[in-house]
Each structure stands twice: as structure tokens, then as C-alpha cells.
Amino acid sequence: MPTLESKEVAVANDLNSLPDFSSDKYKDAYSRINAIVIEGEKEAHGNYLAIGELIPDKQQELKNLAVMEMRHMKGFTACGKNLGVKADMPFAEEFFAPLHGNFQKAFKDENLTTCFLIQAILIEAFAISAYHVYIRVADPFAKKITENVVKDEYLHLNYGQEWLKANLDTCKEDLIKANRENLPLIKSMLDQVADDASSLQMDKEELMEEFMIAYQDSLLEIGLDSREIARMALAALV
Ligand code: PL3
Ligand code: FE2
Ligand code: FE2
């Protein structure tokens with residue numbers, strides 16, 4: 001007869017157990033998630049180089065961030081190889097296309113506020129949330145790589161945060177507008193990835209929670225008040 005005690009043991013076991021990294025289901029989901037992460041790191045590399053072109057006196061600093069992204073990309077490529085998974089890159093390119101298009105447009109318009117919001121705040125907060133949740137359920141090889149990557153992502157988030165904070169007087173309206181246009185894209189990306197993430201034992205609500213923590217902390221640090229932050233976060237619901 002199942003007693004309360006045995007039920008508790010079962011739940012505890014489930015929480016502590018890792019996925020079967022060699023199952024077809026895991027590898028199939030990983031082929032898309034791994035591609036998304038590789039593509040995201042590759043685009044981040046390009047995006048920091050682009051931002052560097054718009055701020056000549058900070059170009060070297062931004063190049064250094066771009067170099068880190070290239071290293072992340074190589075690390076995650078190795079994670080896929082280690083599991084014997086071929087990353088589905090066409091899927092990932094399509095996944096990023098709307099956000100990438102918005103970044104490209106902002107770059108052409110030399111709109112640094114939008115460039116920083118998209119890359120350094122939204123994409124980095126998305127990456128930080130995903131990597132935190134992934135670390136808890138990753139294979140040992142990928143866990144070590146992701147732990148090192150996530151430390152760098154905080155540096156990137158901080159970099160954008162500091163620029164937006166220093167320019168808040170002139171960029172606040174643009175920031176709110178760019179957020180309204182791009183936060184819904186992040187929400188829809190999260191919706192699209194949720195099923196595959198759950199095959200990796202990554203929980204959607206946990207991802208959302210981690211994202212909101214990184215995102216809201218960052219807006220607070222930039223100098224927005226709690227009403228403004230609440231308004232900005234609500235843009236995800238439309
Ligand atoms: C910029 O430094 C990084 C950009 C990468 C963005 C990736 C978002 C990842 C969402 C997918 C969730 C699963 C994460 C699993 C990690 C292997
Ligand atoms: Fe990165
Ligand atoms: Fe980054």
C-alpha cells in the first residue's frame with residue numbers, strides 16, 4: 001500500500017534524478033535547443049561587434065564581449081558533439097529571425113538604446129534564465145561549460161545596464177518603446193521552446209521566473225521605478 005512516506009521518497013527521487021541523456025527523446029529536443037543556444041551566441045557575437053561600430057571609443061570593450069560570445073558558441077557546440085547530437089541550425093535561425101530583424105533595423109537607425117535593450121538586457125536575461133535552469137539538469141560535461149558561460153552573461157547584462165543607466169535621461173522613452181516591441185518576442189520564443197525544454201527536464205515556469213528576476217533587477221539597476229518596471233513587464237502579456 002502506498003504510504004505517505006513512500007510517496008515522499010518517490011517525489012524526492014524524481015527531483016534529484018537527471019534525464020536520460022542518451023534517449024531519442026532527449027537527443028531530438030537537444031538538437032533544437034542546442035542549435036538555439038549556438039545561434040544565440042553567434043548572433044550575440046555579431047551584435048556586440050555591431051554596437052562597437054556605433055561607439056568608437058568603446059569599440060575595444062565591445063570586441064572583448066564579442067570574443068567571449070564566440071567562446072560560448074564553441075563551448076555549446078562541444079556540448080552537442082559530446083552527446084552525439086547534430087544541431088538543427090536552420091530551425092534556430094528561424095527561431096531568432098524576428099528579434100534579429102529588429103536588432104538589424106535598430107543598428108541601421110543607429111538606435112543604441114534599442115540595440116542594448118535587445119542584446120544586453122532581453123537576450124542576456126533570457127540566456128541567464130535558461131542557463132540557470134539548465135545547470136540543474138545538465139550532463140556533467142555541459143554543466144561545467146554552462147557554469148562558466150553564465151558568469152560571463154552577467155558581465156554582458158551589466159555592460160548594457162550601465163550604458164542605459166548613464167543615458168537614461170535621454171533614452172527612457174525609446175527604452176519603453178523598444179521594450180514594448182521586443183519583450184513579446186521573447187515571450188513567444190519561450191513559448192516555442194517550452195516543449196523541448198521540458199524534454200530536458202527544464203520547467204517553463206521556472207524559466208519565466210528566472211527571466212523575470214534578471215530582467216526586473218536590471219531595470220531597477222538602470223533607474224526605473226517599480227511602476228515603470230511593472231508596466232514594462234506587462235508588455236509580455238500582449
Ligand atoms: C548571449 O550571450 C547568449 C544568447 C543565447 C540565448 C539562448 C536562449 C536559450 C533558450 C533555450 C532554453 C534552453 C537552454 C539550454 C542550454 C543548453
Ligand atoms: Fe554568451
Ligand atoms: Fe552574452
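K108 is found in helix α4 of this predicted model. Helices here are DSSP runs (H or I, at least four residues), numbered from the N terminus, as are strands (E, at least two). K108 is exposed, with a relative accessible area of 66%. Exposed means over 50% relative accessible area, buried means under 20%, and partly exposed lies in between (1.4 Å probe, protein chains only). K108 and A233 are 125 residues apart in sequence. Their C-alpha atoms are 27 Å apart in space.

Local features need pLDDT of at least 70 and side-chain atom pairs count only at pLDDT 80 or more, while totals for chains, interfaces and linings use all residues. Residues are numbered from 1 along each chain as its sequence is written, chains are lettered from A and ligands numbered from 1 in the order in which they are written, and side-chain values use heavy atoms, with hydrogens and water left out.

The metal site comes next. The iron ion (ligand 2) has four named protein residues as donors: E41 (OE), E69 (OE), H72 (ND1) and E153 (OE). These donors lie 2.0 to 2.2 Å from the ion. Donors are N, O and S atoms within 2.8 Å of the metal (3.2 Å for Na, K and Ca); water is not among the atoms, so sites may look incomplete. Along the chain, the donors of ligand 2 follow the spacing E-x27-E-x2-H-x80-E. A second iron ion (ligand 3) is 3.2 Å from ligand 2. E69 coordinates both ions. The pair E69 and E153 links distant parts of the chain. E69 is in helix α3 (residues 59-83), and E153 is in helix α6 (residues 140-166). The two residues are 84 residues apart. E69 is buried, with a relative accessible area of 1%. E153 is likewise buried, at 1%.

Several of these residues recur around ligand 1. The shell around ligand 1 holds 15 residues, of which I33, E41, E69, E124 and E153 come nearest. A residue is near a molecule or strand if one of its heavy atoms lies within 4 Å of it. Three glutamates place a polar side-chain atom close to an oxygen atom of ligand 1: the distance is 3.2 Å for E41, 2.9 Å for E69 and 2.8 Å for E153. A polar contact is a pair of N or O atoms within 3.5 Å; within protein, one must be able to donate a hydrogen and the other to accept it, and residues adjacent in sequence count only if both atoms are side-chain atoms. On its own, ligand 1 has 530 Å² of accessible area, and the protein covers 100% of it. Accessible areas come from the Shrake-Rupley method with a 1.4 Å probe; for residues, only the protein chains shown count as cover.

The space taken by ligand 1 is the largest cavity. A cavity is a set of points, on a 1 Å grid over the protein atoms alone, where a 1.4 Å probe fits but cannot get out. A molecule sits in a cavity if more than half of its atoms lie within 2 Å of its grid points. The elements that give two or more residues to the shell around ligand 1 are α2 (24-54) and α5 (112-135). Helix α5 gives the largest share, seven residues.

Two loop residues have an unusual backbone sign. Most residues other than glycine have a negative phi. Phi of E110, by contrast, is positive, near 55 degrees. E110 is found in the loop between α4 (89-108) and α5. E110 counts as exposed, at 59% relative accessibility. Q201 is not a glycine either, and has a positive phi of about 65 degrees. Q201 is found in the loop between α7 (168-199) and α8 (204-222). At 37% relative accessibility, Q201 counts as partly exposed.

Three further helix positions were examined. E147 lies in helix α6 and is partly exposed, with a relative accessible area of 31%. E147 and C79 are 68 residues apart along the chain, with their C-alpha atoms separated by 13 Å. Q59 is found in helix α3 and counts as partly exposed, at 30% relative accessibility. Q59 and Y48 are 11 residues apart along the chain, and 9.0 Å separates their C-alpha atoms. E205 is found in helix α8 and counts as exposed, at 61% relative accessibility. The C-alpha atoms of E205 and A194, 11 residues apart along the chain, are separated by 9.4 Å.

Definitions and conventions. On a 1 Å grid over the protein atoms alone, a cavity is a set of points where a 1.4 Å probe fits but cannot get out, and a pocket is an open set with protein on both sides within 12 Å along at least five of seven lines; lining residues have an atom within 4 Å of a point.
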